[in-house]
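Trainee: I've got a structure open and a pile of terms I only half understand. Can we go through what each one rests on?

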Amino acid sequence: MRLALIYDTMSLLERYFTKLVRNPTLLATNLVTPLLFLVLFSQLLTKFGEFLPATSGGYLAYLAPGVIMLNAMIGAPQGGVSMANDLNSGFLSKMLLTQMSRPAILLGRLVTDMLVVVVQSVITIVLAILLGVQFSTGLPGIFLVLVTVAFFEFALSGIFLTVGIRTRKTETISAISGVLFFPLIFISSAMFPVSFFPSWAQTISSYNPVSYASDVTRDLVGGGLTLSTFVSAYVLIGAIALVTFAITLYQFRKVVS
Amino acid sequence: MGDIISAENLVIVYRDGTRAVDGISFNVQEGDFFGFLGPNGAGKSTTIKVLTTLLRKTGGKVTVAGFDLDESPGEIRKTIGVLSQETSLDVDLTGRENLRLQGRLQQMHGRELDDRIDELLKLVQLEDVARKPVGRYSGGMRKRLDLASALIHRPKLLFLDEPTTGLDTQSRTAIWEYLEGLNKSEGLTIFLTTQYLEEADRLCHKLSVIDRGKLIASGSPMELKEAVGGDTVTLVLSDSSMKSRAKEILKDVPGVVEVIESDGGVIAYAKNAGQIIAGIVTTLDRSGIQLSFLSVSSPSLDDVFLRETGRRIRSDELSRRETEPFLM
């Protein structure tokens with residue numbers, strides 16, 4: 001049974017990555033926002049860096065980790081979209097009619113999405129380095145950044161998997177992610193330091209998980225990661241992951257049985 | 001040979017309370033080509049979903065390949081292949097990749113899987129396009145590939161839910177030939193649902209006619225047609241309000257077994273209808289009932305359905321019988 005789980009997950013990974021290679025526009029579209037944000041904001045708001053502490057390395061150094069983290073939010077809806085498509089096309093029923101391991105259906109999708117987010121993040125990191133961002137923690141730091149972004153993506157993907165399984169509508173998933181995206185990233189520490197925000201926005205930002213994910217990524221890139229930043233971010237993301245995964249699993253079991 | 005499917009008093013009730021399948025019983029023997037014939041919404045697809053473990057039944061006792069449906073769905077899935085009504089292939093993958101994925105999900109691998117894929121591509125004549133994405137396949141090609149993917153793990157029992165609905169004549173005939181071959185040469189047991197009379201008539205050794213969740217007749221196509229009681233004489237009246245009068249009159253014509261009312265007139269069943277046709281026309285004429293159309297045909301499965309339900313099987317472009325219009 002355990003072997004089947006691994007074998008079937010690998011088979012589905014092969015399926016999803018073949019699809020990605022055949023439809024490169026999907027990956028390209030996903031990369032437009034982070035790459036554009038990175039270039040536009042850093043090149044247009046050059047003077048903004050003057051307001052930042054001298055040690056910070058300018059606005060680009062502040063912005064880049066936030067943008068890397070954005071990949072998690074952009075990748076999160078993919079699993080839900082794919083699940084809705086497979087439910088509608090009958091492909092999910094077809095999989096359920098085989099002898100395959102049931103959890104592999106979910107696992108294959110989750111692992112794919114995390115790997116895709118890692119690929120997107122690597123491309124973003126390369127662009128950031130080309131623009132002059134210093135990754136002072138080196139490869140181990142970059143590795144931890146990728147783990148963090150993938151973990152955050154996993155935590156968020158449950159929301160969209162649940163919506164996808166329940167509504168079977170990709171439009172609903174796009175609408176929800178569209179509505180959540182801008183408020184979540186702009187009222188957080190992802191793009192701008194919260195010290196520039198009015199107090200109400202600072203309050204919202206202090207509860208916004210995107211802030212926690214951005215802060216830990218920023219510290220992993222620039223160095224100076226404190227245990228408390230790391231623990232609070234991982235506990236919060238872990239808690240979100242636990243809740244969203246539990247709901248996804250509940251919805252998924254209803255479909256499977 | 002023993003029963004490969006046995007269903008006793010199968011009941012399927014939807015969450016909204018609809019009784020989709022209302023206490024049906026049937027047996028399918030190993031090696032059979034068995035069919036469920038009925039109009040849209042009769043309960044055919046629902047029955048297939050339950051027999052293939054995709055949907056839970058509400059009541060009754062069902063065994064498939066010797067396993068209880070509720071207790072051993074996993075064992076049943078190993079034995080069966082399913083071709084669902086909607087073609088479910090990944091259009092981004094090639095034909096070969098689709099078969100490979102399906103085979104791997106059926107826990108096959110290595111040389112065994114590769115050989116089986118080659119064998120099936122040859123069977124459904126898709127070797128030439130096997131490396132093209134399925135998105136570029138025609139409807140008929142997709143159906144053939146889907147059939148191959150249902151057969152990948154060498155099932156003993158194949159379920160087909162309306163396998164030729166929406167296909168052109170050529171693709172339909174191709175599918176029929178594959179199925180007949182698989183049943184005859186490999187002894188594959190086939191359970192098919194269809195709304196096409198010609199399909200049921202040509203392929204199935206045994207049929208159950210289903211309507212509104214109930215079985216209304218069972219037997220071989222020949223037995224079912226014989227039970228209609230003879231040839232069918234279809235009479236369309238110039239004035240359809242005369243239907244019941246015509247029915248009364250025709251009942252007394254010697255040789256007429258039964259008369260029923262239909263859309264624009266009446267249908268009479270008679271042994272050797274050709275010999276009494278003159279009598280029918282004269283009798284009606286004498287009573288002042290004008291005919292606008294008359295035809296004589298051998299009984300079809302549609303007549304079986306009509307006799308039991310008073311309706312014809314709908315949306316059936318294949319059922320145009322070989323009629324021989326007389327007069328008018």
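Mentor: Sure, and keep in mind that this is a predicted model. Let's begin with the domains: chain B is divided into domain 1 (3-224) and domain 2 (228-325).

Trainee: How far apart are the C-alpha centres of domain 1 of chain B and domain 2 of chain B?

Mentor: They lie 36 Å apart. The contact takes 16 residues from domain 1 of chain B and 13 residues from domain 2 of chain B.

Trainee: What makes two residues count as being in contact?

Mentor: Their C-beta atoms, placed from the backbone, have to lie within 7 Å. On the side of domain 1 of chain B that touches domain 2 of chain B, helix H7 (197-203), strand S9 (206-211), strand S10 (214-219) and helix H8 (221-226) each supply at least two residues. H7(B) gives the most to that side, with five residues.

Trainee: Which classes of residue does that side of domain 1 of chain B have?

Mentor: Ten are nonpolar, two polar and four charged.

Trainee: And how many residues do chain B and chain A bring to their contact?

Mentor: Chain B brings 18 residues and chain A brings 19. Helix H2 (73-79) and helix H3 (95-105) of chain B each supply at least two residues of chain B's side, and H3(B) gives the most, with four. By class, this side of chain B has six nonpolar, five polar and seven charged residues.

Trainee: Now the strands. Why is strand S11 (residues 231-237) of chain B called largely enclosed?

Mentor: A residue is buried if 20 or more other C-beta atoms lie within 10 Å of its own. Five of the seven residues of S11(B) are buried, so the strand is largely enclosed by the rest of the structure. For chain B as a whole, buried residues make up 44% of the 328 residues.

Trainee: How do you know that S11(B) pairs with strand S13 (residues 265-270) of chain B?

Mentor: Two strands pair if DSSP finds at least two bridges between them. S11(B) and S13(B) have six bridges, in the antiparallel sense, so they count as paired. In that pairing, Val236(B) stands opposite Gly265(B). S11(B) also pairs with strand S14 (residues 291-297) of chain B, again antiparallel over six bridges, and there Thr234(B) stands opposite Ser295(B).

Trainee: What makes strand S6 (80-83) and S10 of chain B edge strands?

Mentor: Each pairs on one side only. They belong to an open sheet of six strands in the order S6-S7-S8-S3-S9-S10 (chain B), with mixed pairing. Neighbouring strands there are turned by 15 degrees against each other on average, direction ignored.

Trainee: In which direction do strand S3 (residues 33-37) and strand S8 (residues 189-194) of chain B run?

Mentor: S3(B) and S8(B) run parallel and are joined by five bridges. Phe34(B) stands opposite Phe191(B) in S8(B).

Trainee: Which strands does helix H1 (residues 44-51) of chain B lie across?

Mentor: H1(B) lies across S3, strand S7 (157-161), S8 and S9 of chain B, running at about 150 degrees to S7(B).

Trainee: And how many helices and strands does chain B come to?

Mentor: Eleven helices and 15 strands. Along its principal axes, the C-alpha trace of chain B spans about 80 × 45 × 40 Å.

Technical notes: Residues are numbered from 1 along each chain as its sequence is written. Chains are lettered from A and ligands numbered from 1 in the order in which they are written. This is a predicted model: local features need pLDDT of at least 70, side-chain atom pairs count only at pLDDT 80 or more; totals for chains, interfaces and linings use all residues. A residue is buried if 20 or more other C-beta atoms lie within 10 Å of its own, exposed if 12 or fewer, and partly exposed in between; C-beta atoms are placed from the backbone. Domain bounds come from an automatic or database domain assignment. Ala, Val, Leu, Ile, Met, Phe, Trp, Tyr, Cys and Pro count as nonpolar, Asp, Glu, Lys and Arg as charged, and the others, Gly among them, as polar. Axes are lines fitted to C-alpha atoms, for helices over the stretch in contact, and angles run from 0 to 180 degrees between N-to-C directions.
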